[in-house]
Amino acid sequence: MQHNYNRVKRVVIVGFGSIGQRHFQILKKLRPSIEIFLIRSGIGKKNKIENLANGVFKNINDINLKIDAAIICSPAPFHLKQAKIFIKKRIPILIEKPLSNNLNNIKNFKLLCKKLNTLVLVGYNLRYSKSLNFFYKLFLSHKVGKPLSAAIRCTSYLPNWRTKQNYIKSISASAKLGGGVLLELSHELDYANWIFGYFNQIHSSINYKKLKNNVEDCAYLNLISNKNVSVSIFLDFFNKKIERTCKIDGSQGTLTWDGIENYVMIEKKNGKVKKWKFNDDINSTYKYQLSHFIDCIEKKTTPKVSLQNGIDALKLVLMAKKSNRSNKIIKLKFSIQ
């Protein structure tokens, strides 16, 4: 698909919570010449960083300037509605993950993006991790032989995410605002789709005890890939042991990625071990992502995480919830026409 591209001079950031502020600060360092405008509701407390913006608006329609790109950082239920305004103006957008909290209007949104030939990049920043990309390269090279099974784990402690805010009142704990461990930690579902080539079926078990209000705090997913690899995904909001790993057991050994310690390791069945350590951090992945977004606009680079990738990750979230409700294996299809 060919898009219309321009030099990026002005960017709008919609939503100025922690992720919006992160994008703002990185973009300022990455391309100081870019003018950055903010769209924010004003509900949250004003941040000092806000004073560095070229302008602050309460409503998207209040901006009467030529905008070259937009970054959507609001709560998930508002993503598509806000993104649609920019799409209609043919403004390229980066939509923070998850794409939405449901599949409502996804088909029409996809058709609109295609009709107007407008760039959409979905913000799954782990795709830009050097260690995870190296892990993927080794996997594709069959360094541990034929893949037999895989285990993905991501555990964290939600009360420590935003120490200045009561976690019970946070977006992460609000079903209405798209919270819950599956949407918040859907990075793991996105890169599982990326590495293992999508899944044919899912069975899940979900815990709703600690956050209540129909918001899940722990989820265990069992999946079978289209290449018949068994993959388990464990996500937990209330584990003080911080962990982010992917381990693939193959016919010739085990391949491990550790996203916290930032290393990749191969353990062969003959006892030989090889380990690679990487020096980038999580903030680097956001920097690489923003740099890639600009390249997509200015150099016509193909998006690493497409709109369809975002749809597929969201669909996996929703099918996990459906499987838990019915306590049944759900057959999966990953094309929304």
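Is lysine 321 buried or exposed? At 17% relative accessibility, lysine 321 counts as buried, because the cut-off for burial is under 20%. This is a predicted model, and its charged pairs make a good place to start.

Lysine 321 has a salt-bridge partner, glutamate 216. Their closest N and O atoms are 4.0 Å apart. The pair links distant parts of the chain. Lysine 321 belongs to helix α8, which covers residues 307–326. Glutamate 216 sits in the loop between β8 (199–207) and β9 (218–225). In sequence, the two residues are 105 residues apart. Glutamate 216 is buried, with a relative accessible area of 1%. Lysine 321 is buried too, at 17%.

This bridge is part of a wider set. The structure has 11 salt bridges by the rule used. Some of them share partners. Arg7, Arg31 and Glu298 are joined in this way into one network.

Now turn to aspartate 190. Its salt-bridge partner is arginine 127, and the closest N and O atoms are 2.8 Å apart. Again the link is between distant parts of the chain. Aspartate 190 lies in helix α6, residues 187–196. Arginine 127 lies in the loop between β6 (120–123) and α4 (130–140). The separation is 63 residues. Which side of the burial cut-off do they fall on, buried or exposed? Aspartate 190 has 2% relative accessibility and counts as buried. Arginine 127, at 8%, counts as buried as well.

Aspartate 68 offers another case. It forms a salt bridge with lysine 66. The closest N and O atoms are 2.8 Å apart. Here the two ends have opposite labels. Aspartate 68 is buried, at 8% relative accessibility. Lysine 66 is exposed, at 52%, because exposed means over 50%.

Next comes strand β9, which holds isoleucine 224. What does isoleucine 224 touch, beyond residues up to four places away in sequence? The contacts are Phe199, Asn200, Gln201, Val229 and Ser230. At 25% relative accessibility, isoleucine 224 counts as partly exposed. For a sense of distance, compare its position with that of lysine 58. The two are 166 residues apart in sequence. In space, they are 45 Å apart, C-alpha to C-alpha.

The backbone deserves a look as well. Most residues other than glycine have a negative phi, and most peptide bonds are trans. Three places in this model call for attention on that score. One is the bond between lysine 97 and proline 98, which is cis. Its omega is about -15 degrees. Proline 98 lies in the loop between β5 (93–96) and α3 (106–115).

Asparagine 105 is in the loop between β5 and α3. What is the sign of phi at asparagine 105? It is positive, about 70 degrees, although asparagine 105 is not a glycine. Asparagine 105 is also exposed, with a relative accessible area of 57%.

Histidine 142 has a positive phi too, about 60 degrees, and is not a glycine. Look for histidine 142 in the loop between α4 and β7 (147–157). Its relative accessible area is 52%, and histidine 142 is exposed.

Technical notes
Residues are numbered from 1 along each chain as its sequence is written. This is a predicted model: local features need pLDDT of at least 70, side-chain atom pairs count only at pLDDT 80 or more; totals for chains, interfaces and linings use all residues. Side-chain values use heavy atoms; hydrogens and water are left out. A salt bridge is a side-chain nitrogen of Lys or Arg within 4 Å of a carboxyl oxygen of Asp or Glu. Buried means under 20% relative accessible area, exposed over 50%, partly exposed in between (1.4 Å probe, protein chains only). Helices (H or I, at least four residues) and strands (E, at least two) are DSSP runs, numbered from the N terminus. Contact means heavy atoms within 4.5 Å.
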